[in-house]
Amino acid sequence: MASVELRDIRKSYGALEVIHGVSLAIVEGEFIALVGPSGCGKSTLLRMIAGLEEISDGEVLIGGRVVNPLTPRERNIAMVFQSYALYPHMTVAENMGFNLKLSGLPRPQIDKRVGEAARMLALTELLDRKPNQLSGGQRQRVAMGRAIVRDPAVFLFDEPLSNLDAKLRVQMRTEIKALHQKVATTSIYVTHDQIEAMTLADRIVVLNGGRIEQVGTPLELYRTPANLFVAGFIGSPAMNVLEGTVDAADGEPAVRLGDGSAIRIAPERKVRLGQAVRIGLRPEHFVASGAGNAISGPTLLVEPTGAQTHVLFEFAGEQITAVVDGDHPARHGSLFQAAMERNQVYVFDRATGAAL
Amino acid sequence: MTDTTSSARMTAGTRLYLYVSLSLIAILVLMPLVTTALGGFKSLGDLRVNPFGLPSEWLWSNYLDILFGDRYWRQMLNSLFIAIMTVTLTVIVSAMAAFTFAHVKFFGSNQLLNYFLIGLMFPAATAILPLFIRIRDLGLLDSYWGVILPQVAFGLGMSILLFRNYFRNLPEELFQAAFVDGCGYIRFFWHISMPLSRPIVSTVSIITFVHSWNSYILPLIMLNTEEKYPWPLGIMVYRGEFGTDWQLVLAFITLTILPTVIVFFVAQKHIIAGLTAGAVKS
């Protein structure tokens with residue numbers, strides 16, 4: 001278990017810089033998720049920490065020691081890959097013990113450690129099987145077993161659940177969380193799935209275009225996004241965004257939308273009259289009735305999911321998604337009426353995207 | 001209904017066309033083999049007046065004399081030794097070179113690879129004179145190594161190409177996982193790449209083996225002592241001062257072809273797997 005620190009990390013391919021000076025401090029035992037859209041540089045950053053990708057500039061420290069010139073093995077990290085990357089010609093036991101064998105550990109010790117890891121991951125019965133005789137979930141567990149058997153300073157996960165079906169993904173997510181609680185090793189987890197990041201991580205790092213947009217706990221990112229990108233990325237379904245101009249309604253600050261309707265916003269928002277802004281409305285913050293902004297429009301689509309229903313309706317010339325109770329009587333073509341409290345309305349500068 | 005009938009007739013027609021074409025090709029391929037095998041049962045006179053038909057009298061002695069003579073077996077052992085050494089050296093050298101070309105980036109790697117691949121354009125026969133001089137200078141004339149080393153050298157182009165393509169198709173993440181586990185290039189080569197490369201090792205081995213097995217010009221130039229002759233040179237023994245015993249030549253050829261055919265049928269799955277490896281996404 002060790003801390004990890006990134007100091008102004010940069011990565012360039014020729015003249016093209018893809019990671020633009022990322023700095024981050026991860027404390028011992030912390031579970032950090034790197035999230036962002038495809039091509040944002042999250043996997044590149046992870047591979048630079050692993051030592052699989054050369055660092056163009058900046059420093060990576062593991063346990064307070066600069067590890068830039070060290071090989072992955074010397075960095076004492078373990079990595080779980082998206083495609084599992086199990087050696088097809090080796091059994092589960094050989095896969096898990098390969099690293100220890102290369103370290104020159106005596107056979108009895110290898111067997112002991114592989115046995116312990118296998119028990120932890122319920123793989124004992126599968127130790128003599130080859131990877132092609134295992135299901136996707138079992139292969140993923142072997143990949144994790146291969147990582148934990150060596151007792152590394154840091155676990156690196158590169159989208160480890162992307163190849164699994166939805167049900168297995170939820171199950172494995174729970175297993176990873178339980179495993180981290182058991183071994184408490186510092187973990188860095190790359191995913192494009194914000195639900196995975198929210199459920200697993202102590203802190204989330206949102207990346208976009210090779211830069212960090214925001215670092216914070218899942219709830220911090222959800223409740224106080226630093227900008228429109230983070231607000232749009234965190235939360236499912238995604239936040240609804242409408243353009244408008246800061247105005248006043250009944251003596252209170254509001255945002256005047258394109259169709260002339262006004263959405264009142266919290267007085268503490270740092271806005272000025274006439275400022276061009278975007279407002280963000282989280283689908284789950286709509287309530288069927290109550291105080292605050294009354295929002296209504298014709299229902300375009302109703303998607304029942306059981307406990308909740310997703311309603312797509314038209315408002316101010318835009319399509320808006322609302323998440324309401326599963327019993328809500330929304331019907332295609334009927335008028336959907338809802339309300340949203342003013343302090344639930346997010347406001348962002350239209351030019352910079354910064355939260356106001 | 002009409003469509004179905006027409007489609008069935010089309011299918012039957014196409015099938016007939018295919019069967020006829022394939023049968024013709026099969027006859028073209030098999031005829032020389034069958035003629036050779038049958039010729040081995042004839043007397044020289046019978047062979048001259050009736051080269052393609054069944055023997056008027058089946059002379060099993062042609063085959064039996066060869067099989068029970070020591071020359072046939074000695075030359076087979078010579079062929080085996082030359083072929084096995086050629087295969088072993090070709091696989092080891094070309095696999096290591098191909099691994100380097102597949103995974104290690106260094107200045108001039110592409111040019112060096114192209115240099116090796118140029119070898120594909122030159123059959124050994126075109127370079128036989130300089131090769132003879134070089135082998136003579138090395139003191140390897142009339143030795144097995146005088147045949148083995150040029151065969152290895154001329155086989156490298158194709159073998160490196162096959163190995164390199166195979167290695168490049170091994171998943172990149174496997175390499176990274178091994179790197180994280182503590183492998184360097186050499187360990188990855190021995191512990192991961194080679195065990196996963198059985199199909200391509202089989203393919204290269206078989207191609208090289210068959211090539212060495214059938215090699216005629218090179219041993220003819222490099223070897224002088226009859227005790228060192230491989231099988232293909234065995235037929236020279238039947239060439240006399242005043243004539244050639246063609247029926248014995250044909251019997252000898254038939255007996256030397258048989259092992260290659262058997263090996264091909266046993267290993268054809270590996271040959272095809274190796275040649276088509278990486279052609280489609282697995």
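In this predicted model, the domain assignment divides chain B into domain 1 (2-39) and domain 2 (69-276). The C-alpha centres of domain 1 of chain B and domain 2 of chain B lie 35 Å apart. Chain B has 13 helices and zero strands. Chain A contributes two open sheets: one has six strands, and another has five.

**Chain B: overall form**

- Along the sequence, chain B reads α-α-α-α-α-α-α-α-α-α-α-α-α.
- The radius of gyration of chain B is 24 Å, while a compact globule of 282 residues would come near 19 Å.
- Along the principal axes, the C-alpha atoms of chain B fill a box of roughly 80 × 70 × 30 Å.
- Buried residues make up 29% of the 282 residues of chain B.
- Take the contacts in chain B with a separation of 6 or more: 78% of them join residues 24 or more positions apart.

**Nonpolar cores**

- The largest nonpolar core holds 111 residues. Ala33(A), Leu34(A), Leu156(A) and Ile188(A) have the most contacts inside this core.
- Helix 8 (residues 172-181) of chain B gives the largest share of this core, six residues.
- A second core is separate and has 31 residues. Among them are Val87(B), Val91(B), Ile160(B) and Val201(B).
- Leu156(A) touches Leu46(A), Ile49(A), Ala50(A), Ile77(A), Met79(A) and Ile188(A), leaving out residues up to four places away in sequence.

**Chain A: the six-stranded sheet**

- The strand order in this open sheet of chain A is 6-7-8-3-9-10, and the pairing is mixed.
- Strand 6 (77-80) and strand 10 (211-216) of chain A are the edge strands, so named because each pairs on one side only.
- From one strand to the next, the twist averages 20°.
- Strand 7 (residues 154-158) and strand 8 (residues 186-191) of chain A run parallel and are joined by five bridges.
- Asp158(A) stands opposite Val190(A), which belongs to strand 8 of chain A.
- Helix 4 (residues 136-148) of chain A lies across strand 6 and strand 7 of chain A. The helix runs at about 175° to strand 6 of chain A.

**Chain A: the five-stranded sheet**

- This open sheet of chain A has the order 13-12-11-14-19, with antiparallel pairing.
- Its edge strands are strand 13 (262-264) and strand 19 (346-349) of chain A. Each of them pairs on one side only.
- Ignoring direction, neighbouring strands of this sheet are turned by 45° against each other on average.
- Strand 12 (residues 252-257) and strand 13 of chain A run antiparallel, with three bridges between them.
- Ala254(A) stands opposite Arg264(A) in strand 13 of chain A.

**One residue: Ile295(A)**

- Ile295(A) sits in strand 15 (residues 293-304) of chain A.
- Is Ile295(A) buried or exposed? Ile295(A) counts as buried because 20 C-beta neighbours lie inside 10 Å. The cut-off for a buried residue is 20 or more.
- Apart from neighbours within four places in sequence, Ile295(A) contacts Phe315(A), Ala338(A), Ala339(A) and Met340(A).
- Ile295(A) and Ala85(A) are 210 residues apart along the chain, and their C-alpha atoms are separated by 51 Å.

Conventions: Residues are numbered from 1 along each chain as its sequence is written. Chains are lettered from A and ligands numbered from 1 in the order in which they are written. This is a predicted model: local features need pLDDT of at least 70, side-chain atom pairs count only at pLDDT 80 or more; totals for chains, interfaces and linings use all residues. A nonpolar core is a set of buried Ala, Val, Leu, Ile, Met, Phe, Trp, Tyr and Cys residues joined through C-beta atoms within 7 Å. A residue is buried if 20 or more other C-beta atoms lie within 10 Å of its own, exposed if 12 or fewer, and partly exposed in between; C-beta atoms are placed from the backbone. Helices (H or I, at least four residues) and strands (E, at least two) are DSSP runs, numbered from the N terminus. Two residues are in contact if their C-beta atoms, placed from the backbone, lie within 7 Å. Axes are lines fitted to C-alpha atoms, for helices over the stretch in contact, and angles run from 0 to 180 degrees between N-to-C directions. The radius of gyration is taken over C-alpha atoms; the globule rule is 2.2 Å times the number of residues to the power 0.38. Domain bounds come from an automatic or database domain assignment.
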